[in-house]
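User: Please take a close look at a single strand in this model and tell me how the parts around it are arranged.

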Amino acid sequence: MSATAEYTRRLLAAAMLLALAACSTTEVASLEEPTVAPMTGQTNDPAPGFENVAAGSEEDFILNVGRRIYFKQDSAALDSVAMATLDNQAVWLNNHPTWLLKLQGFADDSGSASKMETLSQKRADAAMAYLASKGVDAKRMWAKGYGNDREVRDCTERSCKVQNRRVVTNLRTQPDAA
């Protein structure tokens with residue numbers, strides 16, 4: 001390619017880039033996305049889209065308290081991280097006594113289906129007992145173990161399987177149908 005042709009090609013590419021840079025999409029963007037609340041840089045700033053979460057709502061519980069705890073393999077023992085999450089749940093639940101709770105226990109696939117169902121029930125029962133020990137009325141709670149029927153991820157890596165060894169606290173307005 002001649003020097004003149006190369007120069008012309010580069011000049012044309014630069015002109016196209018300048019033309020594209022002159023285009024403005026701010027009008028379209030402002031129509032498509034809601035305005036975001038100003039961030040203060042604090043760790044408790046709301047996540048974009050969640051600025052108007054009502055205190056005491058299910059969203060408040062999920063976002064600000066946490067509803068999952070995790071377990072070591074073949075164990076229903078609560079570790080310090082699980083107890084800290086359950087402590088936060090207990091405070092929130094004691095401040096919002098109209099909510100009922102379903103504690104759902106789960107397991108990975110490291111044993112027989114019956115063993116994993118029993119273990120997942122023990123995990124849910126352990127979480128329920130801990131919440132009761134922190135003042136949450138036991139009449140507001142029930143526990144159900146699902147074994148490994150509802151895996152978050154189907155995987156073989158150890159770091160992945162831990163996601164399946166969990167208890168999820170679900171808020172309810174009424175008990176589940178029998």
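Analyst: Two strands are taken to pair if DSSP finds at least two bridges between them. In this predicted model, strand β2 (residues 100-105) is joined by five bridges to strand β3 (residues 141-145), and the two run parallel, with Leu 103 standing opposite Ala 143 in β3. Between these two strands the chain crosses from β2 through helix α5 (residues 113-133) to β3, a β-α-β crossover that is right-handed. Strand β2 is also joined to strand β4 (residues 166-172), here by six bridges and in an antiparallel arrangement, and in this pairing Gln 104 stands opposite Val 168.

As for its surroundings, six of the six residues of β2 are buried, so the strand is largely enclosed by the rest of the structure. Buried here means under 20% relative accessible area, and the covering extends to both faces of β2, with Leu 100, Lys 102 and Gln 104 buried on one side and Leu 101, Leu 103 and Gly 105 buried on the other.

The crossover helix has a neighbour of its own, since the axes of helix α4 (residues 80-95) and α5 come within 9 Å and cross at roughly 55°. The two helices are therefore oblique to each other, and their crossing is right-handed. On the α4 side the contact is made by Met 83, Leu 86, Asp 87, Gln 89, Ala 90 and Leu 93, while α5 contributes Ala 127, Tyr 130 and Leu 131.

Key
Residues numbered from 1 in each chain as written. Predicted model: local features only at pLDDT ≥ 70, side-chain atom pairs only at ≥ 80, totals over all residues. Heavy atoms only, no water. Buried < 20%, exposed > 50% of the residue type's maximum accessible area, 1.4 Å probe, protein only. Helix = DSSP H or I, 4+ residues; strand = E, 2+ residues; numbered from the N terminus. Right-handed = clockwise from strand over helix to strand, strands pointing away. Axes fitted to C-alpha atoms, helices over the stretch in contact; angles between N-to-C directions. Parallel < 35°, antiparallel > 145°, perpendicular 65-115°, else oblique. Left-handed = near helix turned anticlockwise from the far one by under 90°. Contact = heavy atoms within 4.5 Å.
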